[in-house]
Amino acid sequence: MLEKIQNALNSLCELHAANAQELEELRIKYLSKKGMLSQMMQDFRNVPAEQKREMGMRINELKNALQQRFDELRAAIAVKETSHDELDLTRTPYPAPIGTRHPLTIVRNRIIDIFSRQGFTLADGPEVEDDWHVYGSMNFADDHPARDMQDTFYVQGAPSMLLRSHTSSVQSRVMEKQQPPIRVICPGRVYRNEAISARAHCFFHQVEGLYIDEHVSFTDLKQVMLTFSRELFGPDTEIRLRPSYFPFTEPSAEMDVSCQICHGEGCSLCKGTGWLEILGCGMVHPRVLELNGIDSERYKGFAFGMGIERIANLLYRVKDLRLFSENDVRFLQEFQAAN
Ligand code: PHE
């Protein structure tokens with residue numbers, strides 16, 4: 001009988017079951033009332049008294065080993081069956097969790113799209129810039145307040161290097177490399193030293209544009225702006241230009257679009273005025289052309305610049321500017337449909 005037990009123990013690892021039915025067959029053969037183990041228990045009665053102790057221990061050992069092997073086989077079958085269920089090749093792939101574009105990317109792409117259809121190409125430049133490209137070449141006087149430490153982040157230890165405070169620096173880089181006709185837009189991130197709140201941040205995004213050629217007039221500027229506004233906000237949109245001042249344009253203007261909520265009646269979005277300010281623009285100052293190596297007698301141009309956050313706010317009514325840079329997935333997912 002000892003030999004029988006030892007043989008059974010040795011062949012334990014050869015026991016296999018491919019499915020529940022085979023497992024049940026094994027159970028009947030070894031563990032059921034008529035199985036091998038019960039048979040041994042019966043034979044145990046006839047074992048001489050002096051061998052009972054050792055034989056009892058050996059039978060127990062076999063019983064535990066059999067039970068353990070049986071449990072292993074049952075677990076393996078369970079894993080096989082569930083993973084088989086999960087691999088359902090007929091299952092529809094929807095709804096699949098997809099990411100969304102950032103709202104500022106969506107708005108930037110729309111703006112780029114509208115201007116590219118009017119013949120503008122993209123230009124890019126560094127965010128860490130020198131004073132010349134951000135201010136000097138843009139006709140800012142040496143004592144202009146925007147150069148003040150209040151507004152501009154300067155690079156420590158390199159007083160003429162700074163984080164660009166507008167993307168006009170890219171326009172300057174284009175002009176120094178290329179003669180007219182020039183028709184570019186420059187989207188990018190800009191930095192200003194402002195206290196962070198719901199309405200201001202120390203960085204934001206702009207799209208600036210530049211158009212230089214012979215015979216470019218203020219009328220061209222107005223038409224390009226009107227087309228842009230109607231494409232972005234809808235065909236009924238009106239624009240209004242108010243005189244303003246920028247060192248790099250003359251004449252300069254702030255542009256408003258008619259309020260899309262009240263269509264000019266006056267509401268809380270437009271604070272009762274019927275108009276929403278969206279960008280600055282003007283005819284490129286002849287001095288800026290000269291400073292950047294372009295003949296101001298022969299060429300004229302217009303320029304404009306807008307904040308992408310501002311436009312996104314008008315399109316999507318985002319009340320707090322900080323939401324744009326906090327990466328809260330719940331906020332970002334609201335723009336899934338706008339993608
Ligand atoms: N550079 C201006 C700004 O940052 C915007 C602007 C660009 C205004 C071009 C007029 C013409 O506010």
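Is Q156 buried or exposed? Q156 counts as exposed, because its relative accessibility is 80%, and the cut-off for that class is over 50%. Please keep in mind that this is a predicted model. With that said, here is a short tour of two loop residues, a mostly covered helix, the ligand surroundings and a pocket.

**Two loop residues**
- Q156 sits in the loop that links β3 (154-155) to β4 (158-163).
- Between the C-alpha atoms of Q156 and I77 there are 67 Å, and the two residues are 79 residues apart along the chain.
- S165 belongs to another stretch of chain, the loop between β4 and α7.
- S165 counts as buried because its relative accessible area is 6%, where the class requires under 20%.
- The side chain of S165 makes a polar contact of 2.8 Å with the side chain of Y135.
- Beyond its neighbours within four places in sequence, S165 touches V134, Y135, V190, Y191 and R192.

**Helix α7**
- This helix covers residues 168-177 and is mostly covered, with seven of its 10 residues buried.
- Those buried residues are S168, S169, V170, Q171, S172, V174 and M175.
- Their packing partners are the strands β2 (128-130), β5, β6 and β10 (300-307), together with the helices α6 (131-134) and α9 (286-291).

**Around the ligand**
- The ligand is surrounded by 13 residues, and H166, S168, R192, Q206 and E208 come nearest.
- H166 places a polar side-chain atom 3.0 Å from a nitrogen atom of the ligand.
- S168, one of the buried residues of α7, has a polar side-chain atom 3.3 Å from a ligand nitrogen atom.
- Q206 has a side-chain N or O atom 2.9 Å from an oxygen atom of the ligand.
- R192 is worth a second look: R192 is among the residues that come nearest the ligand, and R192 is also in contact with S165.

**The second largest pocket**
- The volume of this pocket is about 230 Å³.
- Its lining consists of 16 residues, and H102, L104, R189, H205 and E309 are the ones nearest the centre.
- Four elements each contribute at least two lining residues: α5 (103-116), β5 (182-191), β6 (203-213) and α10 (308-316).
- Sorted by class, the lining holds seven nonpolar, six polar and three charged residues.
- Strands β5 and β6 appear in two places in this tour: they supply part of the pocket lining, and the buried residues of α7 pack against them.

Technical notes. Residues are numbered from 1 along each chain as its sequence is written. This is a predicted model: local features need pLDDT of at least 70, side-chain atom pairs count only at pLDDT 80 or more; totals for chains, interfaces and linings use all residues. Side-chain values use heavy atoms; hydrogens and water are left out. On a 1 Å grid over the protein atoms alone, a cavity is a set of points where a 1.4 Å probe fits but cannot get out, and a pocket is an open set with protein on both sides within 12 Å along at least five of seven lines; lining residues have an atom within 4 Å of a point. Grid points are joined across faces, edges and corners, and a volume is the space filled by probe spheres set on the points. Ala, Val, Leu, Ile, Met, Phe, Trp, Tyr, Cys and Pro count as nonpolar, Asp, Glu, Lys and Arg as charged, and the others, Gly among them, as polar. Buried means under 20% relative accessible area, exposed over 50%, partly exposed in between (1.4 Å probe, protein chains only). Contact means heavy atoms within 4.5 Å. A residue is near a molecule or strand if one of its heavy atoms lies within 4 Å of it. A polar contact is a pair of N or O atoms within 3.5 Å; within protein, one must be able to donate a hydrogen and the other to accept it, and residues adjacent in sequence count only if both atoms are side-chain atoms.
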